[in-house]
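The report that follows reads one protein model from a single loop outwards to the sheet and the chain as a whole.

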Amino acid sequence: DCRYCVYDFEYEMQGIKKNRVIFLLWSPEGSKVKSKMIYASSQEGCVNAMEGIQRQLQSCDDDEMKFDYIANQLKQHTASY
């Protein structure tokens with residue numbers, strides 16, 4: 001089933017240690033459509049109710065929950081600034 005996760009994620013970029021507080025929506029492919037819709041529509045309200053969320057990510061399969069995948073997503077986002 002779908003879940004939210006807030007995590008202080010530590011990684012390295014160009015030899016510098018960084019951390020980002022991420023809000024992660026876990027919405028696996030096998031979840032019921034109604035559950036996915038409820039979680040997706042409630043996500044922004046949850047994020048707005050918290051302070052310090054620096055990045056939002058959504059994962060649909062196990063590969064998107066791995067450290068390297070999340071670190072690469074954060075690096076790509078940081079590089080675009």
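In this predicted model, Ser31 lies in the loop that joins strand 2 to helix 1, the helix spanning 33-49. Ser31 counts as buried because its relative accessibility is 12%, below the 20% under which a residue is called buried. Once its neighbours within four places in sequence are set aside, Ser31 is in contact with Asp1, Cys2 and Lys36.

Ser27 is also found in the loop between strand 2 and helix 1, and with a relative accessibility of 5% Ser27 counts as buried. Leaving out neighbours within four places in sequence, the contacts of Ser27 are Cys2, Lys36, Gln58, Ser59 and Cys60. Ser27 and His77, which are 50 residues apart in sequence, lie 21 Å apart in space when taken from C-alpha to C-alpha.

A third buried residue, Phe23, is found in strand 2 itself, and it is classed as buried because its relative accessible area is 0%. The values for these three residues are set out below.

| Residue | Location | Relative accessibility |
|---|---|---|
| Phe23 | strand 2 | 0% |
| Ser27 | loop between strand 2 and helix 1 | 5% |
| Ser31 | loop between strand 2 and helix 1 | 12% |

Which residues does Phe23 touch, not counting residues up to four places away in sequence? They are Tyr4, Cys5, Val6, Gln43, Cys46, Val47, Met50, Ile53, Arg55, Gln56 and Leu57. Of these, Gln56 in strand 3 is the residue that Phe23 stands opposite. By contrast with these contacts, the C-alpha atoms of Phe23 and Tyr11 are separated by 16 Å, although the two residues are twelve apart along the chain.

The strands themselves form an open sheet of three members in the order 1-2-3, with mixed pairing. Strand 1 (3-13) and strand 3 (55-59) stand at the edges with a single partner strand each, so that one side of each is left without a neighbour in the sheet. On average, and with direction ignored, neighbouring strands of this sheet are turned by 35° against each other.

The mixed character of the sheet can be followed pair by pair. Strand 1 and strand 2 are antiparallel partners over eleven bridges, and within this pairing Cys5 stands opposite Leu24 in strand 2. The hairpin made by these two strands has two residues between them, and Gln14 takes a positive phi near 55° there. Strand 2, which covers residues 16-26, pairs with strand 3 in the parallel sense over five bridges.

In a regular strand the side chains alternate between the two faces of the sheet. The two faces of strand 3 can be told apart by their cover: Arg55, Leu57 and Ser59 form the covered face, whereas Gln56 and Gln58 form the uncovered one. Residues from both faces of strand 3 recur in the contacts described above, since Phe23 touches Arg55, Gln56 and Leu57 among others, while the contacts of Ser27 include Gln58 and Ser59.

Taken as a whole, the protein has two helices and three strands, which follow the pattern β-β-α-β-α when read along the sequence. Its C-alpha atoms fill a box of roughly 45 × 30 × 20 Å along the principal axes, and buried residues make up 30% of the 81 residues. Among the contacts with a separation of 6 or more, 58% are accounted for by residues 24 or more positions apart.

The accessible surface comes to about 5700 Å², and 50% of that surface belongs to carbon and sulfur atoms. As for charge, the protein carries 10 positive and 12 negative side chains, and the centres of the two sets lie 2 Å apart.

Conventions:
Residues are numbered from 1 along each chain as its sequence is written. This is a predicted model: local features need pLDDT of at least 70, side-chain atom pairs count only at pLDDT 80 or more; totals for chains, interfaces and linings use all residues. Side-chain values use heavy atoms; hydrogens and water are left out. Helices (H or I, at least four residues) and strands (E, at least two) are DSSP runs, numbered from the N terminus. Buried means under 20% relative accessible area, exposed over 50%, partly exposed in between (1.4 Å probe, protein chains only). Contact means heavy atoms within 4.5 Å. Accessible areas come from the Shrake-Rupley method with a 1.4 Å probe; for residues, only the protein chains shown count as cover. Lys and Arg count as positive and Asp and Glu as negative; His and the chain ends are not counted. The place of a charge is taken as NZ of Lys, CZ of Arg, CG of Asp or CD of Glu. Two strands pair if DSSP finds at least two bridges between them. Axes are lines fitted to C-alpha atoms, for helices over the stretch in contact, and angles run from 0 to 180 degrees between N-to-C directions.
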